[in-house]
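Please look through the following structure with me before reading on. My notes are arranged as numbered points, and each can be checked against the picture.

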Amino acid sequence: MDELLEDPFPRLLPELVEEVFFRIPPDEPACLVRASAVCKPWRRILAGLGFRRRYRKFHGTPPVLGLFQHGNCLLRKGSRFVPTSALFLAQPDDRPDWFAMDCRHGRALFARIRKTSDLMVLDPVTGHRRRVPSTPKYPLSFSAAVLCAAQGCDHHGCQGGHFRLAVVTTNQRQGVTSGWLYSSETRVWSELTSVHHPNVRYTNNFGAPSVLVGDALYFNIGGIVECKLGTLRLSIYEKPIDRGGRLMTVEEGRLGFAAVVDVTNLTLWSWETGPVGAIGWVKLRVIDLKTLLPTCEFGIRSWANALVISGVAEGTQVIFVRARVGSYMVHLKSGRVRPVCASSDIKIFPYVSFYIPAMEAACFGQGQ
């Protein structure tokens with residue numbers, strides 16, 4: 001019996017076992033947990049750094065493992081984590097005054113709004129959290145982003161290590177957007193160059209989602225605010241349409257924008273640049289959401305103003321659409337749709353990462 005537990009398939013070469021493991025879908029890490037619990041040789045393969053590196057390279061784009069809902073400040077309803085896979089990840093304490101602000105590179109960012117705006121960075125897998133002091137000034141309404149600070153990292157397996165935070169806020173009366181950049185290595189906030197935009201229509205400034213393109217972060221705050229991480233400079237650009245939408249990345253990692261137009265038409269734009277500079281927004285494609293989302297629960301008249309893009313999984317072709325009956329995860333390439341939650345939260349921050357939990361399963365199976 002002990003020999004069977006040590007290796008149930010002694011004639012199967014480790015190289016072949018790896019090839020089988022490579023084909024386990026990364027969006028269901030629970031399958032890897034069950035595989036690592038079969039025997040010690042399989043656990044050793046899955047726990048190896050080499051396998052983890054090759055597994056991420058084999059699949060390329062990290063999967064969506066869950067999503068953080070932003071929460072509601074007025075109702076003092078804090079954020080909560082909703083898993084999209086069978087393996088439930090760690091989450092922050094259920095406190096009504098912590099609100100999700102961003103999720104990127106294996107980290108989630110939260111803000112607590114009191115006399116000062118404290119920030120917290122969470123690793124959803126390990127549960128490790130780090131509190132960050134408020135910015136030199138204390139804006140009550142702001143947007144923030146988190147990103148890995150490691151040089152040369154492909155961000156497919158970010159976990160631990162130093163990070164950076166960006167905070168931007170708009171003064172509606174003065175028509176000025178300012179911001180700060182924080183480094184966990186130096187523990188210092190650096191002030192960004194302010195940008196004046198008196199003619200831009202003001203929108204809700206708290207928790208606006210961001211997207212990372214190259215060495216710049218982009219926030220959708222009235223206009224599109226560009227935050228250059230290298231030069232600490234802010235700029236502002238017009239959106240392709242005045243109504244709400246979401247920033248995203250499109251083909252070749254370019255800046256994109258998505259919005260629901262004409263009731264059910266999901267329209268995608270790309271910010272194109274020429275040899276002498278930017279040339280503006282170019283429409284990429286239009287997707288009729290009536291062909292993807294279920295309509296049996298409400299009539300066609302109920303579609304008006306019902307569909308809203310609530311989140312975008314950065315670096316993927318996955319978006320989240322809020323409807324009257326809940327939120328759906330939509331794969332733009334395949335057209336595959338699945339419901340993810342019954343909540344109608346208008347801001348969703350997807351958690352995108354590879355998760356190979358072989359070490360956790362090894363702890364459970366040491367007695368085998």
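The points below deal with salt bridges, a hairpin and two residues with unusual backbone angles.

1. Please keep in mind throughout that this is a predicted model. A search of the whole structure finds nine salt bridges, and the next three points take up some of them.

2. The side chains of glutamate 18 and arginine 54 form a salt bridge, with a distance of 2.9 Å from N to O. Because glutamate 18 belongs to helix H2 (residues 14-22) and arginine 54 to helix H5 (residues 49-59), the pair ties together parts that are 36 residues apart in sequence. Glutamate 18 is buried, its relative accessible area being 17%, while arginine 54, with a value of 37%, is partly exposed.

3. Glutamate 314 and arginine 104 also meet through their side chains in a salt bridge, again given as 2.9 Å from N to O. This pair links distant parts of the chain, 210 residues apart, since glutamate 314 sits in the loop between strand S20 (308-313) and strand S21 (318-323), and arginine 104 is in strand S3 (residues 98-104). Arginine 104 is buried at a relative accessible area of 5%, whereas glutamate 314, at 25%, counts as partly exposed. Asp102 should be considered here as well, for Asp102, Arg104 and Glu314 are linked in a network of salt bridges.

4. A further salt bridge joins the side chains of arginine 254 and glutamate 272, at 3.3 Å from N to O. Arginine 254 is found in the loop between strand S16 (246-249) and strand S17 (255-261), and glutamate 272 in strand S18 (residues 265-274), so this pair connects parts that are 18 residues apart in sequence.

5. Strand S14 (residues 223-228) pairs with strand S15 (residues 233-237) in the antiparallel sense, over five bridges. The two strands form a hairpin with four residues between them, and lysine 228 stands opposite arginine 233 in S15.

6. Which residue in the turn of this hairpin has a positive phi? The residue is leucine 232, whose phi is about 60 degrees although it is not a glycine. This deserves a second look because most residues other than glycine have a negative phi. At 24% relative accessibility, leucine 232 counts as partly exposed.

7. Arginine 187 likewise has a positive phi of about 60 degrees without being a glycine. Arginine 187 lies in the loop between strand S9 (176-183) and strand S10 (188-191), and, at 62% relative accessibility, arginine 187 counts as exposed.

Key: Residues are numbered from 1 along each chain as its sequence is written. This is a predicted model: local features need pLDDT of at least 70, side-chain atom pairs count only at pLDDT 80 or more; totals for chains, interfaces and linings use all residues. Side-chain values use heavy atoms; hydrogens and water are left out. Two strands pair if DSSP finds at least two bridges between them. A salt bridge is a side-chain nitrogen of Lys or Arg within 4 Å of a carboxyl oxygen of Asp or Glu. Buried means under 20% relative accessible area, exposed over 50%, partly exposed in between (1.4 Å probe, protein chains only).
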